[in-house]
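Colleague: I have a few questions about how the labels on this model were chosen. Could you take me through them?

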Amino acid sequence: MTIDIAEGVVTRQRVYLDDLDGFGVLHHAGYAVLFDRAVIDYWLEAGWAPNPRESVQVVRELTITYHAPIVGMCDVDVHFWVERAGRTSVTYRFEVLSTTRSVRHAEGSRVLVNLDPVSLRPVPLTDRMWEIAGPLLGRGVYRPDIGEPVS
């Protein structure tokens, strides 16, 4: 069985020796780190440059369901997309898959909020963020302030 990738993007990530616990299995927190690395790789390769003087992005919520442990050092595919979008936040869905996409190791979601760096209050996502996020938007997800797909 191959897991279908119908939306979003996939990035290849490596599990290193220091990611493993005493049993040689990826530590439970390592799945969130793999997802973080995948998201950061995507945004940096798309031309986004984080600037903490302009905005700060923080995690509001993170959930992970574990299906099959990752044993030993190896490569995995991280599939992710934006499942919901608001003016100031997005909800990502993600899966950590074997490179053959025959095993779903874990899946989850993460809510990310864009904050003003001075007040630390939510502020709207920028036009540039929406431009880069276009390929990540799941079916039926639109920029809320214009109500149409991001091109």
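Modeller: Gladly, and let me begin with a cut-off: buried means under 20% relative accessible area, exposed means over 50%, and partly exposed covers what is in between. Keep in mind that this is a predicted model.

Colleague: Then why is Glu83 called partly exposed?

Modeller: Its relative accessible area is 35%. Partly exposed is the class between under 20% and over 50%, so Glu83 belongs there.

Colleague: What makes Glu83 and Arg93 a salt bridge?

Modeller: The N to O distance between their side chains is 3.8 Å. The limit is 4 Å from a side-chain nitrogen of Lys or Arg to a carboxyl oxygen of Asp or Glu, so the pair qualifies. Glu83 is in strand S3 and Arg93 in strand S4, so the bridge ties together parts that are ten residues apart in sequence. Glu83 and Arg93 also belong to a salt-bridge network with Arg84 and Glu107.

Colleague: How many salt bridges are there in the structure?

Modeller: There are eleven. One of them joins the side chains of Asp77 and Arg12, at 2.6 Å from N to O. Asp77 sits in strand S3 and Arg12 in strand S1 (residues 9-15), and 65 residues separate them along the chain.

Colleague: Which class does Asp77 fall into, buried or exposed?

Modeller: Buried: its relative accessibility is 1%, and the class takes anything under 20%. Its partner Arg12 has 48% and therefore counts as partly exposed, since exposed would need over 50%.

Colleague: What makes Arg110 and Asp36 a salt bridge?

Modeller: Their side chains meet at 2.3 Å, N to O, and the limit is 4 Å, so the label holds. Arg110 is in strand S5 (residues 104-115) and Asp36 in helix H1 (residues 30-45), so this bridge ties together parts 74 residues apart in sequence. Arg110 is buried, at 6% relative accessible area, whereas Asp36 is partly exposed, at 31%.

Colleague: Now the sheet. What is the order of its strands?

Modeller: The five strands run S1-S3-S4-S5-S2 in an open sheet with antiparallel pairing. S1 and strand S2 (56-66) are the edge strands, as each pairs on one side only. Neighbouring strands are turned against each other by 25 degrees on average, ignoring direction. Helix H1 packs on this sheet and touches S1, S2, S3, S4 and S5; its direction makes about 125 degrees with that of S1.

Colleague: How do you know that S3 and S4 pair?

Modeller: Nine bridges join them in the antiparallel sense. Pairing requires at least two bridges, so S3 and S4 meet the requirement. Asp77, for example, has Leu97 in S4 as its bridge partner. The same test covers S1 and S3, which run antiparallel and are joined by seven bridges. There, Val15 has Cys74 in S3 as its bridge partner.

Colleague: Which residues of S1 are on its covered face?

Modeller: Val9, Thr11, Gln13 and Val15 are, while Val10, Arg12 and Arg14 make up the uncovered face. In a regular strand the side chains alternate between the two faces of the sheet.

Colleague: And the aromatic rings: how many pairs does the search find?

Modeller: Eight, across the whole structure. In one of them, Trp43 and Trp48 have ring centres 5.7 Å apart and planes at 75 degrees.

Colleague: Why is that pair called edge-to-face?

Modeller: The centres must lie within 6.5 Å and the planes must be over 60 degrees apart; 5.7 Å and 75 degrees satisfy both, so the pair is edge-to-face. Trp43 counts as buried at 10% relative accessibility, whereas Trp48 is partly exposed at 22%. Both Trp43 and Trp48 belong to one aromatic cluster, which also includes Phe35, Tyr42, Phe80, Tyr92 and Phe94.

Colleague: Last one: where is Thr88 found?

Modeller: In the loop between strand S3 (74-85) and strand S4 (89-98). Thr88 has a relative accessible area of 18%, so it is buried, the class being under 20%. Beyond its neighbours within four places in sequence, its contacts include Leu112, Val113 and Pro124. The C-alpha atoms of Thr88 and Thr126 are 9.1 Å apart, with their positions 38 residues apart along the chain.

Definitions and conventions
Residues are numbered from 1 along each chain as its sequence is written. This is a predicted model: local features need pLDDT of at least 70, side-chain atom pairs count only at pLDDT 80 or more; totals for chains, interfaces and linings use all residues. Side-chain values use heavy atoms; hydrogens and water are left out. Rings of Phe, Tyr and Trp (its six-membered ring) pair if their centres lie within 6.5 Å; planes under 30 degrees apart count as stacked, over 60 as edge-to-face and the rest as tilted. Buried means under 20% relative accessible area, exposed over 50%, partly exposed in between (1.4 Å probe, protein chains only). Helices (H or I, at least four residues) and strands (E, at least two) are DSSP runs, numbered from the N terminus. Contact means heavy atoms within 4.5 Å. Axes are lines fitted to C-alpha atoms, for helices over the stretch in contact, and angles run from 0 to 180 degrees between N-to-C directions.
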